[in-house]
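Work through the exercises below with the structure open. Each task is followed by its solution in steps.

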Amino acid sequence: MPIEHVDVAVVGAGLSGIGAGVHLQKNCPDRTFVILEGRDAIGGTWDLFRYPGIRSDSDMYTLGYSFRPWTQAKAIADGPSILDYIRETAKDYGIDRKIRYGHSVKRASWSSSDARWTVEAERGPAREVVRFTCSFLFMCSGYYSYRSGYTPEFPGVESFRGRVVHPQKWTDDVDYAGKRVVVIGSGATAVTLVPEMAKKAAHVTMLQRSPTYVVSLPAEDAVANGLRRHLPPRVAYGVSRWKNVLRGMFFFGLSRRAPRRVKKLILRGVREALGPDYDVRTHFTPTYDPWDQRVCLVPDGDLFKAIKDGGASVVTDRIETFTEKGIRLRSGAELEADVIVTATGLNLEVLGGVELTVDGRSIDPSKTMNYKGMMYSDVPNLASAFGYTNASWTLKCDLTCGYVCRLLNHMKAHGYRQCTPRRNDPSITEEPALTFSSGYVQRSIAKFPKQGSRAPWKLYQNYALDLVALKYSAVEDGTMEFA
Ligand SMILES: Cc1cc2nc3c(=O)[nH]c(=O)nc-3n(C[C@H](O)[C@H](O)[C@H](O)COP(=O)(O)OP(=O)(O)OC[C@H]3O[C@@H](n4cnc5c(N)ncnc54)[C@H](O)[C@@H]3O)c2cc1C
């Protein structure tokens, strides 16, 4: 079969891949591109996850695209509304026509003599191998494995007579109405599931090894909704977006500068929501500082309300073993359950699990350094969309897409066919790409590319700095080598 060539191959049709398509179409209209998507649907995360109550845990004014206003009343939106937003964006901009579904990319090899990537994908259930060539490869493949979530090995799990389900594998036939449910975990998924399942279950217990910071925010942003009534949608959206960017940056900065003050503030909020008799110290007071791990957000304090109403409770303990009837804890207590939900996290994955070679040399991502949070040392013509850990994913992805378009246009204008970030400053030292102390990060961090001690290799996790570095600074910066 003849091999199809495109200027840009985007991998993934999630929030980032669809955004990348719109940016490419707007800013590089004379370049051809395809979006190779392993699944048979648009939306990535927002199509995959089907557990009860699935929602964003950051506001849609910053999780939404810069180019498409979020116009619904709820700032903390439910999964189906986010999926609709991505689908409608793809349809309205004609990006859906660029998607090749059922194309799971396995390998990509760069040839400097041809200045091309050869991208190999497996298509459909028969896993037929198809190849494309492209001048630039844009990985929008998210950050975790779609095959399965992370579940620790729980002793005795096979003896449990009820149902065990991981949120990533949720199906409509998980029946929990009137049943006793235990949700293992205390991250964003657990705090979403618990209040939602408590509406139907006999009781929901959130079983955590250690507490997480939980902050309540209004599901609706009164200022944003007010602005939308008085201003054109784009202006109102732009103002709300900046308001929330600055609010996020302020609280993150304050958490770094004055962690004890922020800790006090968060715990005061929890105490006010749960009342003076609740054991906030045991169940909601982490041993680490705010933003050493992701802070969990609950809309309108729904988790606290479920606890206060008695529909849900929190147990902070360790699992000794699963039993026929539930879980025995290290303290000796037993939790009886009909359904156990293992909200124990994701398996992080680098670059969609794609094997890369450059001129016949295999690339180990962990040996590379991350340039501007999107490209990799000595890997030509490849970028990846990776969001913030302390703010909405899309804020960074929009900037990344804008930068990739600038880079492509710069190369075209100067007749370059190859761009490669080079580590040409020996004084820059290596640091881990992510500094969160969370288990899911620490389990996988060794596989990830490193960051450097200074720009352009340093990840500042700061929208304002990135805006300057990605939107306004020169593409020819002495680190990016053009050929
Ligand atoms: C439950 C949950 C809630 C979240 N809530 C928030 C939130 O509120 N705010 C926030 O900022 N972030 C949130 N995140 C992070 C979230 O993943 C991002 O916000 C965003 O959805 C990521 O979009 P993406 O397109 O980059 O990746 P994904 O949504 O993961 O999409 C990646 C796409 O690439 C495809 N793909 C991957 N590898 C390959 C391959 N090798 N070949 C072909 N196709 C491939 C996948 O099939 C998928 O369609 C959440 C994550 C989860 C899991």
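**Exercise 1.** Sort the residues of the shell around the ligand into nonpolar, polar and charged.

Solution. The model is predicted. Start with the total: 32 residues surround the ligand. Now split by class: 15 are nonpolar, 14 are polar and three are charged. Finally, pick out the closest: Ser16, Glu37, Asp57, Ser58 and Tyr146.

**Exercise 2.** Find polar atoms of the protein that face an oxygen atom of the ligand, then state how much of the ligand the protein buries.

Solution. Take Asp57: a backbone N or O atom lies 2.5 Å from a ligand oxygen. Next, Tyr146: an N or O atom of its side chain is 2.6 Å from an oxygen of the ligand. Then Trp393: here a polar backbone atom is 2.7 Å from a ligand oxygen. Last, the area: the ligand alone exposes 980 Å², and the protein buries 94% of that.

**Exercise 3.** Which elements give two or more residues to the shell around the ligand?

Solution. They are helix H1 (15-27), helix H2 (45-48) and strand S4 (103-111). Rank them: S4 supplies the largest share, three residues.

**Exercise 4.** Locate the nonpolar surface patch that includes Val235, and explain why Val235 is classed as partly exposed.

Solution. List the members: Leu231, Val235 and Val239 make a patch of about 210 Å². Place Val235: it sits in helix H7 (residues 233-257). Read its relative accessible area: 42%. Buried means under 20% and exposed means over 50%. The value of 42% falls in between, so Val235 is partly exposed. Patch members need over 30%, and Val235 with 42% meets that cut-off.

How values were computed. Residues are numbered from 1 along each chain as its sequence is written. This is a predicted model: local features need pLDDT of at least 70, side-chain atom pairs count only at pLDDT 80 or more; totals for chains, interfaces and linings use all residues. Side-chain values use heavy atoms; hydrogens and water are left out. A residue is near a molecule or strand if one of its heavy atoms lies within 4 Å of it. A polar contact is a pair of N or O atoms within 3.5 Å; within protein, one must be able to donate a hydrogen and the other to accept it, and residues adjacent in sequence count only if both atoms are side-chain atoms. Accessible areas come from the Shrake-Rupley method with a 1.4 Å probe; for residues, only the protein chains shown count as cover. Helices (H or I, at least four residues) and strands (E, at least two) are DSSP runs, numbered from the N terminus. Ala, Val, Leu, Ile, Met, Phe, Trp, Tyr, Cys and Pro count as nonpolar, Asp, Glu, Lys and Arg as charged, and the others, Gly among them, as polar. Patches are made of residues with over 30% relative accessible area and no salt bridge: like charges are joined within 9 Å, nonpolar side chains (Val, Leu, Ile, Met, Phe, Trp, Tyr) within 5 Å. A salt bridge is a side-chain nitrogen of Lys or Arg within 4 Å of a carboxyl oxygen of Asp or Glu. Buried means under 20% relative accessible area, exposed over 50%, partly exposed in between (1.4 Å probe, protein chains only).
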